[in-house]
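Here are a few notes to go with the structure, for a first look. Have it open while you read.

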Amino acid sequence: MSAVVAEDQHGHSGTKVLPVALAAMGVVFGDIGTSPLYTMKEVFNGPHAVPATPENVLGILSLVFWALTFVVSLKYVVYIMRADNRGEGGIMALTSLALRSTDSPRAASLMAALGLFGAALFYGDGVITPAISVLSAVEGLEVATPAFRPFVIPISLVVLIGLFVIQRKGTAQVGAVFGPVMLFWFATLGVLGAFNVVRHPDVLGALNPLHAVRFFVENRVHGFLALGAVVLAITGGEALYADMGHFGRRPIKLAWFGFVFPCLYLNYLGQGALIIDDPSAVANPFYLLVPDPLLYPMVGLSTVATIIASQAVISGAFSLTKQAVQLGYSPRIHIVHTSDREAGQIYVPNVNWMLLGAVIALVIGFKSSSALASAYGIAVTLTMMIDTVLAFVVVRALWHWRWSAAVAFVALFFSVDFSFFAANSVKILDGGWFPLALGLGVHTLLMTWKTGRALLTERMRVDTMPLDLFIQSMFHDPPHRVPGLGIFMTTNPDGVPRALLHNMLHNKVLHASVVLVHVVTADVPYVPLEERVRLEELDFGFFRVFVRYGFKDDPDIPAALALCAEKGLPYELMQSSFFLGRETLIPRKGSAMPLWREHLFNIMFRNADSAADFFRIPVNRVVEFGTQIEL
């Protein structure tokens, strides 16, 4: 009871925790909550299926319980969720925390690349989760009658296409019902499982880890490979940490231990009891738990639950893309805000349609949830290993754990993660290559953009005139001044922007007040308004403005300059002109990047969203100057 009354880090106290915990069920637990649809079926039917003997069933149930306990409950809920970046979680937040622990450029680059690869793998999860979840739900129709078999793929495609099409409308209106629907879903899982557990209470013995040990001893290599299917039970466990910023640690912890975990495992126990009673039930133990009159309603409820689970993953991909843009790993991309009240409600059209294309290809190519299960798991286990390594850095360097405790932490959890990864690695040729290829492709794009931007910035810095010398020259040969405010965006606050030089070269004038705006993205999710801007007044009517945003903030330069007006900057939007540079890149041999990466960076650069749109600058106040730059 004290867990409910106490106040958590997000200010959720008293009666507020329970409603937030309910809302968390509709977002945080969708992926892991739909795993019972296919986990047990794959263990006893997949490419490394084990015989459905009572001993093997108890061994698998024991492995599922202890996997949920070690990986989800202990690693994520108890330990890693304490590693919040000002309340935010997820691999990008964990990477930012780890980067604070080192002054070594080489170590920082390694950790950044590792964290970025983990983030890139999430896009593979964003493709596979909707495909396997919806397919698994719709396949319940086959249990009702084999006549539905030809319609499973068409129905699944219609559901998935509809899901992605409605993304542009946002989820603000329907999101309120996600929590109650998932509450009903988990309650249904628990009731169905409990009904069979009561009939066969001996399955409760699976809580004893000796059953898991005996399973490995008796099945040896085959038993180890079965972990590749058992891992399906914990896919989505990392979402508890990733979504912590939306709900807080305490509501997620309360929902997991108080309701979700017990209901989930009750359902697994019920499926195990059913298989022990009737081994032929391995064909689809989840739906065979359901009484015949309730089968069609259950298919409908399962489909809704998988849509909600898919929605959470899709929204996560949108949020991750926005963070990548803010942190400088992705070109500016068109982002639509679908809610006036919730800043986190966004829609990224390009990402949405690419995910849909990949999902359709998966469904048509793999044709069943069982075939897709081979592609699932390897990306998740890799991400979990990366989380463990980064968490080790955090607990040792930032939390100042003793070496013995930190090594014990990483040894315990990494050995579990690696076991799951090794068992899944044998499925690479059967479909596991897909999320790896997608992750490597996304990682290549992100690293190419980061490296290219660093080269471009350095190239421009070398060719830039120092600002102090430029201002001093104004006193000797002052240009003609015109009324108003000239605002220049710059990546180098100590240099003269090229757009400023081009303006003087072509127009022979300088505004009465000149503002150089330098934007910095901090390694925190949000920057408070009182820390947003810093204004420096220089000589000859020049001002320098430093604007700080977090990696989840929405950049808005006019709003930031309005804050400067309170500090003495003569800013009025309709009396101001924004001067932006539009560079044309010329790849060349002999640069720091291979020529193919230069061409890739050039393509990304040309297709980036305009700076005016990204920084919310009114287009009728913008003047652009073009220039050519050799990398």
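1. Start with the surface. I161, V165, I166 and W353 make up a nonpolar patch there, and together they offer about 330 Å² of accessible area. Keep in mind that this is a predicted model.

2. Where does I161 sit? You'll find I161 in helix α9, which covers residues 152-165. I161 counts as partly exposed because its relative accessibility is 34%, and partly exposed here means between 20% and 50%.

3. Next, have a look at the backbone. Most residues other than glycine have a negative phi. K508 isn't a glycine, yet its phi is positive, at about 60 degrees. Look for K508 in the loop that runs between α24 (498-507) and β4 (509-521). Is K508 buried or exposed? K508 is exposed, since its relative accessible area is 55% and the cut-off for exposed is over 50%.

4. F540 is another one to check: a positive phi of about 60 degrees, and again not a glycine. F540 belongs to the loop between β5 (533-537) and β6 (542-549).

5. Last, a charged residue: E42, in helix α4 (residues 39-45). E42 is buried and still has no salt bridge. Which side chain of opposite charge is nearest to E42? That would be K41, 4.5 Å away, while a salt bridge needs the charged atoms within 4 Å.

6. So what does E42 touch? Setting aside neighbours within four places in sequence, E42 is in contact with A229, L232, S369, S370 and A373.

Definitions and conventions:
Residues are numbered from 1 along each chain as its sequence is written. This is a predicted model: local features need pLDDT of at least 70, side-chain atom pairs count only at pLDDT 80 or more; totals for chains, interfaces and linings use all residues. Side-chain values use heavy atoms; hydrogens and water are left out. Patches are made of residues with over 30% relative accessible area and no salt bridge: like charges are joined within 9 Å, nonpolar side chains (Val, Leu, Ile, Met, Phe, Trp, Tyr) within 5 Å. Accessible areas come from the Shrake-Rupley method with a 1.4 Å probe; for residues, only the protein chains shown count as cover. Helices (H or I, at least four residues) and strands (E, at least two) are DSSP runs, numbered from the N terminus. Buried means under 20% relative accessible area, exposed over 50%, partly exposed in between (1.4 Å probe, protein chains only). Lys and Arg count as positive and Asp and Glu as negative; His and the chain ends are not counted. Contact means heavy atoms within 4.5 Å.
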